[in-house]
Amino acid sequence: MKLLIVEDEKGLSDSIAEYLSSEDYISERAFTFDEAMSKIGVYEYDCILLDLMLPGGNGLDILREIKRLGLLSGVIIVSAKDSVSDKVEGLKIGADDYLSKPFSMPELAMRIFALMRRRNFNSENIMHVDGLQIDLLAKSVSDEEGNELDLTKMEYELLLFLVENSNRVVSKSALAEHLSGDMADMMADYNFVYTHIKNLKAKLAEAGCADCIRTYYGTGYKWEK
């Protein structure tokens, strides 16, 4: 899962990114209004943590641009501004949640988890997909008999991303960006995506899901239900 942290306080931004990394989230960061506007115009994010008071502009204008572009990113406003009017305005524009500073990192992580669960999985913690059981809290996958698949973090993220986009071809570049963030722009090829897909397919085949991931040569991959 890929997030964008829009926060001008570098120390706080560092702390959020470090904690979320320990929770297996990929985080990119923007410290100014212009940086944030540039990133949302180029990259796709599962969730955006949005401060309101930024050098160069107001976070609510970023939120308006997110909605104007029709982006599907979840948005959590994270701000020291605790007035009712700011909260109401943000939610009216289309923010999904509002968290006032100061906050605990576990609270932030659970807000993100709850948001993504609501948006992608109908508030379920356990998903049942094609003979697999995916535990979103434990970040584990088991077969029909309860045997846990030995997936790496990258393989788990690939599986979840493909399941989220069931019956839709996901491009190699989208997979690379999802797994590595904006570092994908600096990669000469997508060999690491091929490797993870190959390994994931092999483990799924052992669990009885040999044909769930279909390869579209030269294009990408699709989870077929």
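Helices, taken as H or I runs of at least four residues, and strands, taken as E runs of at least two, are the DSSP runs used here, numbered from the N terminus. With those names in hand, K101 can be placed in the loop between β7 (97-100) and α5. The structure is a predicted model, and this loop residue makes a handy place to start looking around.

K101 counts as buried because its relative accessible area is 18%, and buried means under 20%. Two acidic partners turn up beside this lysine. The side chains of K101 and E7 are joined by a polar contact of 2.8 Å, while a polar contact of 3.4 Å links the side chains of K101 and E9. Leaving out residues up to four places away in sequence, K101 also touches L12, D51, V78, S79 and A80, along with E7 and E9 themselves.

On the other side of β7 in the sequence comes A95, in the loop between α4 (84-93) and β7. A95 is buried too, since its relative accessibility is 9%. Setting aside neighbours within four places in sequence, the contacts of A95 are L63, V75, I77 and G90. S73 sits 22 residues from A95 in sequence, and the two C-alpha atoms are 9.8 Å apart in space.

Next comes the nonpolar interior. In soluble globular proteins, nonpolar side chains tend to be buried together. Here the largest nonpolar core has 51 residues, and L49, I112 and W223 have the most contacts inside it. Helix α5 (residues 105-121) gives the most to this core, with 8 residues. Apart from it lies another core, this one of 21 residues, including F33, I48, L52 and V75. V75 has already come up, as one of the residues in contact with A95.

W223 deserves a second look. Not counting residues up to four places away in sequence, W223 touches V129, D130, L132, L159, L162, V163, S166, N167, L204, C212 and I213. One of these partners, I213, stands opposite W223 in β13. The pairing belongs to a hairpin: strand β12 (residues 213-216) and strand β13 (residues 220-223) run antiparallel and are joined by 4 bridges. Between the two strands of the hairpin there are 3 residues, and G218 takes a positive phi near 80°. So, to tie the threads together, W223 is a residue of strand β13 and is also among those with the most contacts in the largest nonpolar core.

Note on methods: Residues are numbered from 1 along each chain as its sequence is written. This is a predicted model: local features need pLDDT of at least 70, side-chain atom pairs count only at pLDDT 80 or more; totals for chains, interfaces and linings use all residues. Side-chain values use heavy atoms; hydrogens and water are left out. Two strands pair if DSSP finds at least two bridges between them. A nonpolar core is a set of buried Ala, Val, Leu, Ile, Met, Phe, Trp, Tyr and Cys residues joined through side-chain atoms within 4.5 Å. Buried means under 20% relative accessible area, exposed over 50%, partly exposed in between (1.4 Å probe, protein chains only). Contact means heavy atoms within 4.5 Å. A polar contact is a pair of N or O atoms within 3.5 Å; within protein, one must be able to donate a hydrogen and the other to accept it, and residues adjacent in sequence count only if both atoms are side-chain atoms.
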